[in-house]
Every structure is written in structure tokens, then in C-alpha cells.
Amino acid sequence: MQGLILVTWEKYLADRFGGSYLNAYREMVGETAASAPLASRVYDDTTLLAGVAAASRLAHFPAETLLREYGHYFMINGLTSHLCAYLLTQVHSGRDLLLVMSKAHAQMRRSPDALTPPIFKYEAISAYSNGLTLIYDSHRQLCPVLFGAIEGAAERYGEKVQIIERTCMKKGAPDCRFEIYFSATSQSPLRLETPEQVARRKAQQRFADLVLSVLPTQDGVTLVDLQRIMQHWQQANPSQLRPSVLLEALKHLQHAGLVASSANQLGDTLANRRFWRVPTS
């Protein structure tokens, strides 16, 4: 699974239970400064599952409660908002967000890192335009995370949501089926943006699209190579060619499943890391 899951999981634990709890958790799972999770890397599922079991024992909370809270937290915390900005620019409601998540997960499965995000399928509810049936199928059976994520998606856009779980894999069903009904409230979205912030976010997306267009589809280029290539494009101004700006655009594209890197290869460092486009079909 994506390192972003583990990074935000630990961020949730710290925000929920405090720094002392997080230190005890890290000691329990054998995590050191050198082995701390990184958002750019890919990890085995067992890392999260062992972490959930440890967190449950430490907090004396049921694992399902922690997972549901985490799913909600994942959708509204600042780190997710920053790293998934390319996707979130396309979204204006909780329903939109769930649909975009489905497309992003399908795209991530095309990456060379053997990512296996959950499969979401949707069916429209004809009598309710803001409703849908979500079908979840994953060997991880982390449906409490999805339940919390749906709640978080609604909160993010100042909406109410009714969730009816019709079937559950944990109870022997072949998949989990949720009927979801979003409705408007008088609440403002969680992160109400100013016109200037909206303009800046859209400009970042346009620049990310430009970066994507110049990346090769195989072998990849380093950050220095990309900077050199971009210098010949009139659409990019000098301030956008700073390594930090280019790297941020690449991170946004990676978390949309559109760019792959050598981050998980032996001997990788940021200096020699290579980036390339992931096929979209």
C-alpha cells in the first residue's frame, strides 16, 4: 500500500492520543527513525495491520473504531489535502470525491509498484441524484476505513450523509455494499477557499499537467533532467523550475497514480530518483 496511508495513520494516532502515545506505539511495532514510513514509498499490507493491532491494544479501543476514525481523518487532514491536491482540484462535493477516488485507485493499479488499492464500483440510485450504491471489494476487508472516509468526504464539503450498509465481507458476503445519500446543509465546506487560493490551486494543476506532458513513458528522468527539459518550454516561468516546485508537482501526480518513480528500488536516493508517466489505459 501507499506510504501515505501509513504516514497519515501515525499522524492520526498523534493527533488523537498525543505524542507520548505515538512514541509508545512506535516502540511496540519496532519502528525507528530510520524505518519511519515515507509517503513516497510502498509498504506491505502487514505493516498497517500489525500497527492497527498494536494501536488497539495501547488505546484499549476496538480496532474497527480506530479504523473508522482514521478513514474520516484521512479525508480531512492537511497532509492528504496537500499531497492529493491534483485530484481534489477536480472535486466539489462528497459524491464527487468518492467517484474521483475510484478512478484514482484504478489508475494506481497501473503503476509498476504493485499497488493494490481497493476496488470501488458504483451504481446510481435513480430516485436520488446525490445518492449512489458503493460496492467495495478488497482482500484487506478494511470496510470501517471506507465507512469513515465517506463520513469525512461529506464533512469536507459541508454536507450530511446517510450510510446504509446492506452487505459486509466480514459477515460472509462477497463484497460490502453501502447505500449513500448526500444532502446539503447550511454548513460551510471544511476548507472554504478564497478566490486567490482557488486561482493558485488551479495554476498548480496546470503546471502539473505541463510536467506530466514532458515526462517519458519509460526509463524516466531525474529531477535535474526534468529541470533541464522544462527550461525549453515557454509555458514555465523561472520560479516554477526550482527543484522544490518541480518535486511538489511530481508528488501530486504520483498520488493521482499518473507518475511512477524509482523510490522503491534498491539504492534509490532523491539525487538519482527517476520519474516517468504511468499509462492511463
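Q: Hi! Quick one to start: which helix is Leu83 found in?
A: Leu83 belongs to helix H5, which spans residues 78-83. Bear in mind that this is a predicted model.

Q: Fair enough. Is Leu83 buried or exposed?
A: Leu83 is buried, because its relative accessibility is 7% and the cut-off for buried is under 20%.

Q: And what does Leu83 touch, leaving out residues up to four places away in sequence?
A: Its contacts are Leu4, Ala39, Lys251, His252 and His255. Take His252: 169 residues separate it from Leu83 in sequence, yet the C-alpha atoms are 5.4 Å apart.

Q: Nice. Before I go on, what does the pLDDT look like for the protein chain?
A: The average is 90, and 97% of the residues score at least 70. Going by elements, helix H2 has the highest mean, 97, while strand E1 (residues 119-124) has the lowest, 85.

Q: Let's look at H2, then. Which of its residues are buried?
A: H2 runs over residues 19-29, and its buried residues are Tyr21, Leu22 and Tyr25.

Q: Why are they on the same side of H2?
A: They span an arc of only 100° around the axis, so they share one side of the helix. As general background, an α-helix has 3.6 residues a turn, so residues three or four places apart point the same way.

Q: What covers those buried residues of H2?
A: The cover includes helix H1 (3-17) and helix H3 (45-59).

Q: Which exposed residues sit on the face of H2 turned away from the buried side?
A: Ser20 and Glu27 are the exposed residues carried there. Also, just after H2 comes Gly30, with a positive phi of about 75°.

Q: Switching to strands: in what sense do E1 and E2 pair?
A: They are antiparallel, with 6 bridges between them. A hairpin of 6 residues links E1 to E2, and Glu123 stands opposite Thr133 in E2.

Q: Which strand is on the other end of E2's 6 bridges, besides E1?
A: That is E4 (residues 176-184), and E2 and E4 run antiparallel. In this pair, Leu132 faces Ile180 in E4.

Q: How many of the residues of E2 are buried?
A: 6 of the 7, so to speak of E2 (residues 131-137) as mostly covered is fair.

Q: Now the core. Which residues of the largest nonpolar core touch the most other members?
A: Trp9, Leu134, Tyr136, Phe178, Val211, Leu226 and Met230, out of 77 residues in that core. Helix H8 (residues 143-156) contributes the most, with 8 residues.

Q: What is Tyr136 in contact with, leaving aside neighbours within four places in sequence?
A: The list includes Pro118, Ile119, Phe120, Leu142, Leu146 and Met169. Gln141, Asp175 and the cysteines Cys143 and Cys176 are also in contact with Tyr136.

Q: Cysteines, good. How many disulfides does the structure hold?
A: It holds 0. Cys143 is in no disulfide, and the nearest cysteine sulfur, that of Cys176, lies 3.8 Å away. The cut-off for a disulfide is within 2.5 Å.

Q: Last one: are Cys84 and Cys143 buried or exposed?
A: Cys84 counts as buried because its relative accessibility is 11%. Cys143 is buried too, at 4% relative accessibility.

Technical notes
Residues numbered from 1 in each chain as written. Predicted model: local features only at pLDDT ≥ 70, side-chain atom pairs only at ≥ 80, totals over all residues. Heavy atoms only, no water. Core = buried A, V, L, I, M, F, W, Y, C linked by side-chain atoms within 4.5 Å. Buried < 20%, exposed > 50% of the residue type's maximum accessible area, 1.4 Å probe, protein only. Helix = DSSP H or I, 4+ residues; strand = E, 2+ residues; numbered from the N terminus. Contact = heavy atoms within 4.5 Å. Arc of directions from axis to C-beta. pLDDT = per-residue confidence, 0-100. Pairing = 2+ DSSP bridges.
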